[in-house]
Amino acid sequence: MYEFETHRLRHAELRREAAQERLAREAVGARRVARREEPAPLGTPGAETHTDRPRRHRLPRTA
């Protein structure tokens, strides 16, 4: 009986932690969306970190 109760307590704790992590991820996503939607200040490049510069292709590693 004791093992069953500890199992139930641990299960409830894991569910609470998962719910908190889910809320944290949703908050981060909401902040990211809000940051994308706000206009960039004058004189600075856009809020996007990506540029039109092509990627630098590297040579494959030799054996």
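A patch here is made of residues with over 30% relative accessible area and no salt bridge, with like charges joined within 9 Å. Keep that in mind for the close-up of the arginines; everything shown comes from a predicted model.

**Figure 1. One helix and zero strands make up the regular structure of this protein.** The predicted chain has 63 residues, and 0% of them count as buried. Put differently, 0% of the residues fall under the 20% relative accessible area that buried would require. The exposed surface comes to about 7,100 Å², with carbon and sulfur atoms supplying 55% of it. Helix 1 covers residues 2–37, and the next views zoom in on parts of it.

**Figure 2. E5 and R8 form a salt bridge in helix 1.** Their closest N and O atoms sit 3.4 Å apart, which falls within the 4 Å cut-off. Why does this pair line up along helix 1? E5 and R8 are three residues apart there, so about one helical turn separates them. Side chains of opposite charge can pair when their charged atoms come close. As for cover, E5 is partly exposed at 32% relative accessibility, and R8 is also partly exposed, with a relative accessible area of 47%.

**Figure 3. A salt bridge links R10 and E13.** Here the closest N and O atoms are 3.5 Å apart, again within the 4 Å limit. The spacing along helix 1 is three residues, so R10 and E13 are separated by about one helical turn. R10 has a relative accessible area of 43% and counts as partly exposed; E13, at 33%, is partly exposed as well. With this pair and the E5–R8 pair, the count comes to two salt bridges.

**Figure 4. Four arginines gather in a patch of positive charge on the surface: R31, R32, R35 and R36.** Is R31, one of the patch residues, buried or exposed? R31 reaches 52% relative accessibility, and because the exposed class starts over 50%, R31 counts as exposed. That value also clears the 30% cut-off for joining a patch. R31 itself lies in helix 1. Patch members have no salt bridge, whereas R8 and R10 from the earlier views are each paired with a glutamate, R8 with E5 and R10 with E13.

Definitions and conventions: Residues numbered from 1 in each chain as written. Predicted model: local features only at pLDDT ≥ 70, side-chain atom pairs only at ≥ 80, totals over all residues. Heavy atoms only, no water. Patch = residues over 30% accessible without salt bridge, like charges linked within 9 Å, V, L, I, M, F, W, Y side chains within 5 Å. Areas by Shrake-Rupley, 256 points an atom, 1.4 Å probe, with all protein chains shown as cover. Salt bridge = Lys/Arg side-chain N within 4 Å of Asp/Glu carboxyl O. Lys, Arg positive; Asp, Glu negative; His and termini not counted. Charge placed at Lys NZ, Arg CZ, Asp CG, Glu CD. Helix = DSSP H or I, 4+ residues; strand = E, 2+ residues; numbered from the N terminus. Buried < 20%, exposed > 50% of the residue type's maximum accessible area, 1.4 Å probe, protein only.
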